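Visitor: I would like to go through a protein structure with you, one piece at a time. May I begin with a single residue and then move outward?
Guide: Certainly; please bring it up.

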Amino acid sequence: MSTAKLRSAADDPAWVKAAVIGVAVLFVAAMLVAPLATVFTQALAKGLGASLQALHDPDALAAIRLTLTTAALAVPINAAFGLCASWAIAKHEFAGKSLLITLIDLPFSVSPVVAGLSYVLVFGLQGWLGPWLEARGIKIIFATPGIVLATVFVTFPFIARELIPLMQAQGTDEEEAAVSLGASGLTTFFRVTAPNIRWGLLYGVLLCNARAMGEFGAVSVVSGHIRGVTDTMPLHVEILYNEYDFVGAFSVAALLCLLAVVTLGLKALLERLQPQTGERGH
Amino acid sequence: MARDLVRPAIAVGLDGVRKRFGRFAALDGVDLEIEPGELLALLGPSGSGKTTLLRILAGLDFPDSGQVRFDRRDVTFAHAAQRGVGFVFQQYALFRHMSVARNIAFGLDVKRRRDRPTAAERKVRVDALLNLVELQGLGGRYPSQLSGGQRQRVALARALAVEPQILLLDEPFGALDAAVRKSLRRELRRIHDATGLTTVFVTHDQEEALDLADRIAILNRGCIEQLGRPLDVLDRPASAFVAGFVGQANRIAGQVRQGRFHVAGADLAAPGVADGAALAFVRPDQFRPVADGEAGLEARLERVIPRGPALWLDCVAPDGQVLEAAVSRADAAKLPAAGSSIRLALTGGHVFPEN
């Protein structure tokens with residue numbers, strides 16, 4: 001309650017409120033806003049021109065292209081698998097269901113470097129499938145396929161995690177109703193299930209995309225750091241930074257930040273657009 | 001008008017239907033013949049298998065063994081989409097992202113092109129159904145903008161839109177408050193009579209079943225204990241379970257000797273019941289307060305509660321058993337004061353051997 005007369009017992013004294021809000025704001029400012037601001041000031045230290053020029057460097061352009069390609073492949077793959085997994089988990093009972101739920105969370109708990117290493121062990125030259133792949137001229141490790149695979153692994157939980165609770169909360173009643181009204185499985189999915197989860201799905205896709213573009217650890221292991229060929233934007237930032245090219249490093253970093261900010265902006269917009277008559281995932 | 005909305009009523013048959021979930025036998029051999037155009041209630045406590053039975057009729061679940069027939073057609077394993085049933089879910093299951101009109105039209109919209117009515121025909125049908133369930137003018141609303149009773153009507157209209165062969169309702173009034181429940185009950189009876197559809201509904205509320213149904217199937221532990229008209233079930237319960245479940249009967253333990261049930265101070269005819277321990281099920285209206293000295297159960301009158309046209313007497317027997325009796329208001333003057341003793345003669349009841 002805003003007026004003093006209607007204050008409830010749960011209300012804290014004004015100074016407590018001020019202190020709590022102050023701590024939260026200070027923390028966010030110090031830990032999140034300040035570093036982000038530094039990225040942009042460093043990028044622009046020698047003027048906008050120098051910064052843009054750094055982005056025009058062929059290696060930087062190649063890194064941007066590779067990052068966008070990777071996200072463009074990894075996000076749809078994870079959207080498809082995330083939909084399948086959450087559909088299976090939320091709407092059906094089967095043996096091993098809790099194991100599947102645990103496995104979906106695995107990428108969250110495993111260090112990305114370990115994930116990258118395991119791909120090297122499977123697909124690398126000395127790995128299980130290495131000789132077989134090499135005999136057929138297929139290159140996965142130190143090439144784009146490896147980078148996409150590592151990104152898919154790391155970003156796998158985002159969409160599934162977003163959809164499972166939503167689909168569980170919605171239950172199977174509406175699907176059963178659709179089936180009893182004569183709808184086929186596909187019709188039921190596209191007319192009933194999909195519209196009910198579209199906002200949650202979009203939200204998961206955005207988060208997944210943000211992480212796919214920013215992933216460093218797993219990609220770093222499988223990429224091999226070949227400039228202009230297997231460097232993604234985060235990897236390129238590190239290389240430039242280690243070469244003391246601060247304007248270059250921070251310019252690419254700033255671009256990554258901008259992509260992230262656009263993603264978060266879209267997410268906020270989505271939350272506003274969500275119709276009141278529809279489902280409320282968040 | 002409403003009769004044009006549906007095809008002629010069909011008979012439904014179940015033969016030896018069994019269904020297990022893990023170790024739990026939800027249905028343990030159910031045989032049931034449902035007459036064309038009948039309004040049948042499946043009544044039973046929770047876990048008695050009534051919802052499973054309804055879902056098997058709908059094709060949303062399939063039996064482990066046994067057969068389901070629509071007229072003479074075997075539909076045991078026919079998928080819900082092919083079966084032609086209208087199913088009304090307990091929580092309505094309306095499509096929340098569609099307007100009321102789109103909800104009702106759904107079953108028509110998803111038909112194959114050559115079977116699908118034209119847009120104009122669909123609109124006429126939706127309007128006719130909105131009229132039938134008395135929701136004229138609400139076609140543009142969304143489910144979240146409707147009251148519980150209105151949602152229930154939309155669910156009903158949506159189920160009727162596909163010209164179902166039978167109409168199935170799962171606890172149709174379970175989520176509604178008492179007043180709405182009563183008016184919707186009458187509504188369902190009206191719609192059933194208007195459409196002439198074979199209709200089956202599930203309920204755990206005996207009053208609802210007695211009020212609404214042509215016949216009642218009483219389920220207990222996956223079996224049908226009794227199938228009969230409301231008065232048959234009330235007046236001629238087939239088992240101790242039925243006698244205890246319907247009619248709010250008092251359960252009185254006693255002894256049967258030579259065809260009569262005896263309990264402290266009172267007795268009751270028990271034709272055909274073997275001598276030995278027995279249970280009498282006595283409805284509240286089968287007690288009559290009598291003067292001291294006449295045959296009757298001795299008890300203390302705790303409270304007198306006015307309930308509709310009757311007075312309910314909360315009584316406690318000397319052994320601590322609570323007895324509920326009902327008398328007409330006209331008899332109020334003859335009652336002893338609350339707290340004093342009362343004598344209750346048994347004017348009827350059903351006796352079953354205790355086992």
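Visitor: Where in chain B is D170(B) placed?
Guide: Please keep in mind that this is a predicted model. D170(B) lies in strand β7 of chain B, which covers residues 166-170.

Visitor: Is D170(B) buried or exposed?
Guide: D170(B) is buried.

Visitor: And which side chain of opposite charge is nearest to D170(B)?
Guide: That is R55(B), at 6.3 Å. Because a salt bridge requires the nitrogen and the carboxyl oxygen to be within 4 Å, D170(B) has no salt bridge.

Visitor: Which side chain does D170(B) join in a polar contact, then?
Guide: The side chain of T51(B) does this, with a polar contact of 3.3 Å.

Visitor: What else does D170(B) touch?
Guide: Leaving aside residues up to four places away in sequence, D170(B) touches T51(B), L54(B), F87(B), V88(B), F89(B), Q90(B) and V202(B). T51(B) therefore appears both in this list and as the polar partner, under the contact limit of 4.5 Å and the polar limit of 3.5 Å.

Visitor: Changing topic: how many residues does each chain bring to the contact between chain A and chain B?
Guide: Chain A brings 18 residues and chain B brings 26 residues.

Visitor: What area is buried there?
Guide: About 1900 Å² is buried between chain A and chain B, and carbon and sulfur atoms give 61% of that area.

Visitor: How many salt bridges are there between the two chains?
Guide: There are two salt bridges between chain A and chain B. One of them pairs R96(B) with E174(A), whose closest N and O atoms are 2.6 Å apart. In addition, five residue pairs are in polar contact across the interface, with both residues at pLDDT 80 or more.

Visitor: Which helices of chain A supply at least two residues to that side?
Guide: They are α8 (173-180) and α9 (185-214). The largest share, seven residues, comes from α8(A).

Visitor: What kinds of residues make up that side of chain A?
Guide: It divides into seven nonpolar, six polar and five charged residues.

Visitor: Finally, what is chain A built from?
Guide: Chain A has twelve helices and zero strands. Its C-alpha trace spans about 60 × 60 × 30 Å along the principal axes.

Visitor: How much of chain A counts as buried?
Guide: Of its 282 residues, 40% count as buried. Among contacts in chain A between residues at least 6 apart in sequence, 71% join residues at least 24 apart.

Conventions
Residues numbered from 1 in each chain as written. Chains lettered and ligands numbered in written order. Predicted model: local features only at pLDDT ≥ 70, side-chain atom pairs only at ≥ 80, totals over all residues. Heavy atoms only, no water. Helix = DSSP H or I, 4+ residues; strand = E, 2+ residues; numbered from the N terminus. Buried < 20%, exposed > 50% of the residue type's maximum accessible area, 1.4 Å probe, protein only. Lys, Arg positive; Asp, Glu negative; His and termini not counted. Polar contact = N/O pair within 3.5 Å; in protein donor to acceptor, adjacent residues only side chain to side chain. Buried area = accessible area lost by both parts, 1.4 Å probe. Nonpolar A, V, L, I, M, F, W, Y, C, P; charged D, E, K, R; others polar.
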